[in-house]
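Here is a short briefing to read alongside the model. Take a look at the structure first, and then we will walk through it together.

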Amino acid sequence: MPFCDVCGQRLPVEGDCPECLRREEALIEEALNTEPPGDDHLTLQLEAEGLTPEQARAEIQDPRTLRLMLEFGGLENILNDRNATEGLRLGILARDPAILYGLYYYAKARKPKGKRGPKPDPQSGQYKWEQAMSLRAQGHTYGQVAMRMYDDPKQAKRAAALVSTGKAKAQPAKPRPAEAAQPMPARPPVTKPHPT
Ligand SMILES: [Zn+2]
């Protein structure tokens, strides 16, 4: 008498297990009908700044961008964007120092006691992303913003990331009704890097 290799159930005839086939079909059906969590709002923002879709994706998955977002924008914002989430996942798997630092910073800032996030600039009273946004709003290019903030026009990408962070702060990601009730399966663990 044949048995199923997978579920151990006795089979009427040698061959595929009807029970397991049905379960597999149901899983495939579910996978096809389940949207991955998050959307592309961060990537689309960068595309609106004039980047190609490929550039926008690369920018949003750049560990340095993600680190800035962890420091200034928060983990939730990353997890609400599919591409950023994937970049974070890859960064964690690669134990990228910028990502680990960002997560460490985020976890530390989250503690009820102690410092709450980055401090604003003592002179202007503005956070870096506020400075970047206000310079940008005055019509400066990212290179000019970078020149003003870092004395280095080559930091334009950094300035763009700050503005992107600021925009994300200004419009909190809207929860989608279908997902609101479910826990996010892609949520990576917030781990402290070892202090070695
Ligand atoms: Zn079976």
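In helix H9 (residues 142-150), the buried residues include Tyr142, Val145 and Ala146. Seen down the axis of H9, the buried residues fall within an arc of 100 degrees, so they line one face of the helix; the arc is that of the directions from the helix axis to the C-beta atoms. Please keep in mind that this is a predicted model, where local features need pLDDT of at least 70, side-chain atom pairs count only at pLDDT 80 or more, and totals for chains, interfaces and linings use all residues. Residues are numbered from 1 along each chain as its sequence is written.

**Overall make-up**
- The protein has 11 helices and zero strands (DSSP runs numbered from the N terminus: helices are H or I with at least four residues, strands E with at least two).
- Of its 196 residues, 27% count as buried (20 or more other C-beta atoms within 10 Å of the residue's own, against 12 or fewer for exposed and in between for partly exposed; C-beta atoms are placed from the backbone).

**After H9**
- Asp151 follows H9 and has a positive phi, near 60 degrees.

**The core**
- The largest nonpolar core (buried Ala, Val, Leu, Ile, Met, Phe, Trp, Tyr and Cys residues joined through C-beta atoms within 7 Å) has 30 residues, and Leu66, Ala132, Ala159 and Leu162 have the most contacts inside it.
- Helix H10 (residues 156-170) gives this core its largest share, six residues.
- Domain 1 (41-110) and domain 2 (128-169) both contribute residues, so the core lies between them; the domain bounds come from an automatic or database domain assignment.

**Contacts**
- Beyond its neighbours within four places in sequence, Leu66 is in contact with residues including Ile78, Leu88 and Ile99 (C-beta atoms, placed from the backbone, within 7 Å).

Notes
Two residues are in contact if their C-beta atoms, placed from the backbone, lie within 7 Å.
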